Amino acid sequence: MTDSEKTAQQVRMCAACPKMCRHVCPTFFAWRSDSPTPHGRALLLHHDNLGLRQLDERAVEVIYQCLECSHCLTWCLPEIDIATIVEDARRILVSQDRFPKGLETIRSSVLSNHNPFCEPHEKRVAKIRFKKTKSADVIYFTGCTAAYREHGIANASIEALKEFGFNVSIPDDEWCCGSPLLRTGFTSEALEQARHNVEILNEMSGETILTTCPGCYRVLTQDYPVNDLRIEKPVMHLSQFLAKHIDKVPKGNLAGGVTFHDPCHLGRHCGVYEEPRLVIERITGESVKEMERSRDNAMCCGNGAGFRTLFSSQAKKIGGERVRQAALTGSRYLITACPFCRNLLASEAGETLEVLDLPELVMTVLRKR
Amino acid sequence: MLDGKTKSGMAERLASIVGSDNVTLLETDAVLNAHDAWPLSEAKIRTGELLPIADVIVFPETAQEVAEILAVASEMEVPVVPVGGGAGTCGGTLPIYGGIQLDLKRMDKILHIDEKSMLVRVQAGVIGIELEEEVNRLGYTTGHTPTSLRASNVGGFIATRSGGSMSSLYGKIEDLTLGLEVVLPNSKIIRMKPMPRHSVGPDLRQLFIGSEGTLGVITEATLRLFPRPELRRFRSMAFPDVHRGLEAIRRIFRDGITPSVVRLYDPEDTAISMSNHFEIQDGDCMLLLAFDGLREIVALDEEKAVKICLEHGAKDYGEGPSKRWWEHRYDMYYPTELTTSGFSIGDTIDIVAPYDKLETVYYSMKAAMEKHDAFVMSHFSHMYQNGGSIYMIFFTSQRDAKTAWEVYKRIWDDGVAACLREGGTMSHQHGVGLSRSTYTEDELGSAFLVLKMIKAILDPIGIMNPGKLGLGVKE
């Protein structure tokens with residue numbers, strides 16, 4: 001059986017499933033309709049595969065109403081990976097010039113500015129405080145969101161790493177990792193960014209490449225190699241690096257209780273669950289108060305795969321629900337390890353819950369000492 | 001199906017009630033919303049057949065909006081098919097005559113939890129698992145845990161007169177529903193207030209529990225709550241045959257023991273469901289038991305039940321098979337490569353009979369169904385003091401779709417005929433929908449006239465879910 005035949009068989013099964021994962025699908029939560037659901041997307045693709053109904057404009061919208069969070073996969077006994085199947089479908093739609101035009105800004109901005117936010121490339125590191133160094137222990141690949149929207153994360157990361165005795169360098173000419181484009185079907189445009197990043201990262205000296213963005217981490221460690229792009233240094237998410245050097249992280253304390261939101265790209269997509277918790281527990285002196293839905297059952301924050309750009313009110317609704325779930329733990333702090341998640345969750349959190357990214361938490365505790 | 005002009009005119013009127021974001025005329029939405037959990041629908045989806053679709057789908061948020069929608073439908077004489085989770089297994093939400101699919105998923109509020117009276121008031125569109133998790137947080141359970149819990153919702157539970165896997169102890173949805181709000185086809189919103197019981201004439205709630213959207217739209221319910229049990233214990237006993245297993249069950253109830261779970265698997269179902277995980281002698285029938293409650297009472301009930309089973313020739317398998325079933329109780333609902341390949345189709349005829357007829361019904365149905373090239377396996381579950389249900393599960397795989405659907409129909413026809421002939425009732429908890437619609441008159445006999453008269457009074461135009469429950473079938 002070929003890969004495409006196997007995928008068609010999986011789509012066929014998912015299309016006729018009695019909706020065993022729908023209750024955890026964040027887009028079902030947002031719309032409360034059977035259209036933006038895993039089985040809904042599969043049914044459209046099944047009909048298209050059979051030549052029964054081609055994807056019309058609404059079907060294309062439904063295909064793009066997926067966060068690719070893979071929460072459905074956690075609940076799928078036959079292990080049907082709808083996020084990947086949706087992404088494959090998006091690639092075809094892009095090749096047919098049938099993608100939602102709301103994504104055009106992201107695409108063109110990444111191509112011309114190397115970030116999806118239409119910000120000037122030359123200002124990429126303008127808000128990041130760092131000194132150029134020739135011999136670095138670690139290269140910090142900031143990612144677009146930490147560079148332009150959540151520079152507090154970038155600065156806290158650099159400060160924390162320095163505090164723990166590591167020399168940090170930042171690429172002079174980092175481009176978007178390509179994640180927003182890969183997740184929405186713009187493969188060739190993404191690979192243009194990727195090739196550049198691989199070239200500059202391989203030229204830099206440093207033992208390890210660190211990311212704070214799980215989207216970047218997934219792309220650098222999974223999508224680049226799949227496309228024969230090899231980074232010649234180990235790539236780690238900051239949480240993994242700090243967990244590896246946990247003895248350098250001081251034992252701290254932080255009152256009020258801490259809960260942790262697992263980013264989809266870090267958790268379900270890359271299998272990193274324990275490391276951020278280890279760091280949180282070390283630096284706060286407290287056990288993580290787990291949400292009812294955590295680790296591979298964590299709800300998506302609502303920000304990813306082009307979703308917030310296209311469907312901002314639904315993204316906020318999903319983020320608001322995740323904040324509500326965090327508040328149920330009674331924690332003062334909602335920690336995540338993703339600039340994307342941090343950004344959306346913080347926008348929906350009220351006064352009672354402080355949302356911090358992992359390095360921000362570390363520096364918050366260190367500054368209080 | 002309606003013509004384009006009528007459709008768009010109707011959609012405009014519906015949009016003025018619920019907002020334009022909550023009405024759709026798009027064919028893609030109609031196709032996706034038609035998807036239910038009737039095995040025949042699922043098999044047709046797999047083989048590339050389109051299911052019947054609605055002309056328009058509307059998503060109300062309040063009972064008042066539902067009332068206004070029904071006013072438009074009545075005036076335009078357009079069919080209305082209420083749909084909740086879309087998880088029904090009998091085709092009850094398929095819009096076979098087009099019209100409006102009235103989707104209740106946005107009516108998803110848990111309105112009030114009354115801990116003193118142990119009641120929860122909810123809108124009809126709350127999904128079962130959402131409700132169960134919410135009351136669990138406060139230390140309660142609804143006691144209603146059908147296998148479709150993740151997909152079905154409160155309105156669907158009530159509309160189909162459903163039963164959960166622990167119905168022996170906690171009761172069925174008709175026992176659990178104390179209050180009800182229904183919108184009638186004439187747009188009147190009626191409320192039956194939640195009371196432990198009453199003696200004010202007939203219990204009108206029961207008229208709508210199981211009405212499958214043919215008499216009105218259920219918009220809100222008040223359900224009972226139970227404290228989460230201090231202890232749940234599992235026990236498994238293997239019997240040499242169905243007869244001795246059933247006799248043991250009968251004795252257990254007769255002796256005043258009420259387990260939360262009672263499931264006796266026939267030799268075929270035991271082999272398929274359990275022999276991969278446990279060493280079981282060919283031909284044995286596994287009985288799965290669970291006991292909920294206070295520690296001392298659970299211990300006593302379990303001890304007495306085990307004694308009865310041993311007296312009826314059972315072998316003790318400890319908690320293993322029963323606990324495994326509990327932990328994997330949703331697994332059988334997932335599609336597998338085997339059960340979905342080619343033109344395969346399986347289904348369950350969930351019948352019910354008193355103890356004096358259970359075995360005869362079982363053997364007669366099995367024989368009738370097996371005549372049609374079907375593999376049949378069964379378990380007796382949802383057992384009570386006076387009898388219980390049989391899940392007559394069948395599976396067939398044919399060379400083409402046409403043959404498969406014909407064989408499927410013959411298995412149903414002959415299976416139900418055997419059930420009725422031997423004194424059973426054709427559905428315990430799945431409802432009637434389309435799959436059993438044509439048998440309703442035979443099932444209810446002279447009482448069917450009453451149902452038809454009620455229908456004629458409440459829904460004189462016949463807009464409510466036509467073709468289901470044996471009512472409003474158009475030639």
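Which residue forms a salt bridge with Asp34(A)? The partner is Arg22(A), and the closest N and O atoms of the pair are 3.0 Å apart. Asp34(A) sits in the loop between helix 2 (26-31) and helix 3 of chain A, while Arg22(A) sits in the loop between helix 1 and helix 2, so the salt bridge ties together parts twelve residues apart in sequence. Over all chains, a search of the whole structure finds 67 salt bridges. The model is predicted.

**Chain A overall**

Chain A holds 18 helices and seven strands. The C-alpha trace spans about 65 × 45 × 35 Å along its principal axes. The radius of gyration of chain A is 20 Å; a compact globule of 369 residues would have one near 21 Å, so the two agree. The domain assignment splits chain A into domain 1 (3-99), domain 2 (122-243) and domain 3 (248-368).

**Where chain A meets chain B**

In this interface, 36 residues of chain A contact 41 residues of chain B. The area buried between the two chains is about 3,500 Å², and carbon and sulfur atoms give 57% of that area. On the chain A side, Arg12(A), Met20(A) and Arg32(A) lose the most area to chain B. Together these three account for 21% of what that side buries.

Charge pairing is part of the picture. Seven salt bridges cross between chain A and chain B. Arg58(A) forms a salt bridge with Asp29(B), with the closest N and O atoms 2.9 Å apart. The chains also share 23 residue pairs in polar contact, both residues at pLDDT 80 or more.

Which helices of chain A each supply at least two residues to the side that touches chain B? They are helix 1 (3-15), helix 3 (38-50) and helix 4 (57-64). Helix 3 of chain A gives the largest share, seven residues. By class, this side of chain A has 18 nonpolar, eight polar and ten charged residues.

**Where domain 2 meets domain 3**

Within chain A, the C-alpha centres of domain 2 and domain 3 lie 21 Å apart. Each domain puts residues into the contact: 29 from domain 2 and 29 from domain 3. Between them, domain 2 and domain 3 of chain A bury about 2,400 Å², with 75% of it on carbon and sulfur atoms. In domain 2, Ile153(A), Phe164(A) and Pro214(A) lose the most area to domain 3, together 22% of what that side buries.

Two salt bridges link domain 2 and domain 3 of chain A. The side chains of Glu159(A) and Arg367(A) meet in a salt bridge at 3.3 Å, N to O. Six residue pairs are in polar contact across this interface, both residues at pLDDT 80 or more.

Several helices of chain A give two or more residues to the domain 2 side, including helix 8 (144-148), helix 10 (179-184) and helix 12 (214-226). Helix 9 of chain A gives the most to this side, with seven residues. The residues of the domain 2 side divide into twelve nonpolar, eleven polar and six charged.

**Salt bridges named here**

| Residue pair | N to O distance |
|---|---|
| Asp34(A) and Arg22(A) | 3.0 Å |
| Arg58(A) and Asp29(B) | 2.9 Å |
| Glu159(A) and Arg367(A) | 3.3 Å |

Terms used:
Residues are numbered from 1 along each chain as its sequence is written. Chains are lettered from A and ligands numbered from 1 in the order in which they are written. This is a predicted model: local features need pLDDT of at least 70, side-chain atom pairs count only at pLDDT 80 or more; totals for chains, interfaces and linings use all residues. Side-chain values use heavy atoms; hydrogens and water are left out. Domain bounds come from an automatic or database domain assignment. Contact means heavy atoms within 4.5 Å. Buried area is the accessible area (1.4 Å probe) that two parts lose on being put together, summed over both. A salt bridge is a side-chain nitrogen of Lys or Arg within 4 Å of a carboxyl oxygen of Asp or Glu. A polar contact is a pair of N or O atoms within 3.5 Å; within protein, one must be able to donate a hydrogen and the other to accept it, and residues adjacent in sequence count only if both atoms are side-chain atoms. Helices (H or I, at least four residues) and strands (E, at least two) are DSSP runs, numbered from the N terminus. Ala, Val, Leu, Ile, Met, Phe, Trp, Tyr, Cys and Pro count as nonpolar, Asp, Glu, Lys and Arg as charged, and the others, Gly among them, as polar. The radius of gyration is taken over C-alpha atoms; the globule rule is 2.2 Å times the number of residues to the power 0.38.
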